[in-house]
Amino acid sequence: MKKIDLIDKLRKHLAIGKLDWKGQRAFAEFLLDYLQNLSILHDEQYDFWRLEPHLPQLLVDAFEELRTGTSEATIKHRKAYEKDAEHPVRNSQCELHW
């Protein structure tokens with residue numbers, strides 16, 4: 001799958017509206033905006049390049065941007081996510097307790 005395919009699938013998912021858990025719609029809308037503005041050089045240059053193996057890191061990076069980003073658009077999406085999820089986005093690193 002190419003980035004444009006993921007964007008298309010995400011748009012369709014948002015249009016269908018089956019978003020059941022708190023914060024899901026707000027995060028999907030942020031992710032759509034994030035992907036549209038993300039430049040992935042290999043995706044743009046090579047037809048054989050596939051996005052799927054990189055989805056976990058891509059999603060972690062996107063959420064980290066939602067959590068800590070300072071752009072006006074990101075702050076708007078963060079506020080929408082917090083309202084939809086009914087809790088704030090943690091602004092500190094999670095600690096592991098063993």
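**Close-ups of a predicted all-helix model**

**View 1. Phenylalanine 48 sits out in the open.** Phenylalanine 48 has a relative accessible area of 65%, so it counts as exposed. Its partner here is tyrosine 46, which is partly exposed at 34%. This is a predicted model, and a search through the whole of it turns up 5 aromatic pairs. In the pair shown, the ring centres of tyrosine 46 and phenylalanine 48 are 5.3 Å apart and the planes meet at 35 degrees, so we call the pair tilted.

**View 2. Phenylalanine 63 and tyrosine 81 meet edge-to-face.** Here the centre-to-centre distance is 6.1 Å, with 75 degrees between the planes. Phenylalanine 63 belongs to helix H4 and tyrosine 81 to helix H5, so this pair ties together parts lying 18 residues apart in sequence. How accessible are the two partners, phenylalanine 63 and tyrosine 81? Phenylalanine 63 is partly exposed, at 30% relative accessibility, whereas tyrosine 81 is buried, at 10%. Zoom out a little and both rings turn up in one aromatic cluster, together with Phe27, Phe30 and Tyr34.

**View 3. Helices H4 and H5 cross at about 90 degrees.** H4 covers residues 55-68 and H5 covers residues 72-85, and their axes are 8 Å apart. With that angle, H4 is roughly perpendicular to H5, because anything from 65 to 115 degrees counts as such. On the H4 side, the residues making contact are Phe63, Glu65, Leu66, Arg67 and Thr68; on the H5 side, they are Thr74, His77, Arg78 and Tyr81. Sorted by class, the contact is an even mix: 3 nonpolar, 3 polar and 3 charged residues. Phe63 and Tyr81 from the previous view are both on this contact list.

**View 4. The whole chain, with its five helices.** Stepping back, the chain has 5 helices and 0 strands, running α-α-α-α-α from the N terminus. Its C-alpha atoms fill a box of roughly 40 × 35 × 30 Å along the principal axes. Of its 98 residues, 33% count as buried. Among contacts with a separation of 6 or more, 60% come from residues 24 or more positions apart.

**View 5. Confidence along the chain, from H3 to H5.** Average pLDDT is 89 for the protein chain, and 93% of the residues score at least 70. Which helix has the lowest confidence, and which the highest? Helix H3 (residues 41-45) is lowest, with a mean of 81, and H5 is highest, at 96. As a rule, predicted coordinates should not be read in detail where pLDDT is low.

Methods:
Residues numbered from 1 in each chain as written. Predicted model: local features only at pLDDT ≥ 70, side-chain atom pairs only at ≥ 80, totals over all residues. Heavy atoms only, no water. Axes fitted to C-alpha atoms, helices over the stretch in contact; angles between N-to-C directions. Helix = DSSP H or I, 4+ residues; strand = E, 2+ residues; numbered from the N terminus. Parallel < 35°, antiparallel > 145°, perpendicular 65-115°, else oblique. Contact = heavy atoms within 4.5 Å. Nonpolar A, V, L, I, M, F, W, Y, C, P; charged D, E, K, R; others polar. Phe/Tyr/Trp six-rings, centres within 6.5 Å; stacked < 30°, edge-to-face > 60°. Buried < 20%, exposed > 50% of the residue type's maximum accessible area, 1.4 Å probe, protein only. pLDDT = per-residue confidence, 0-100.
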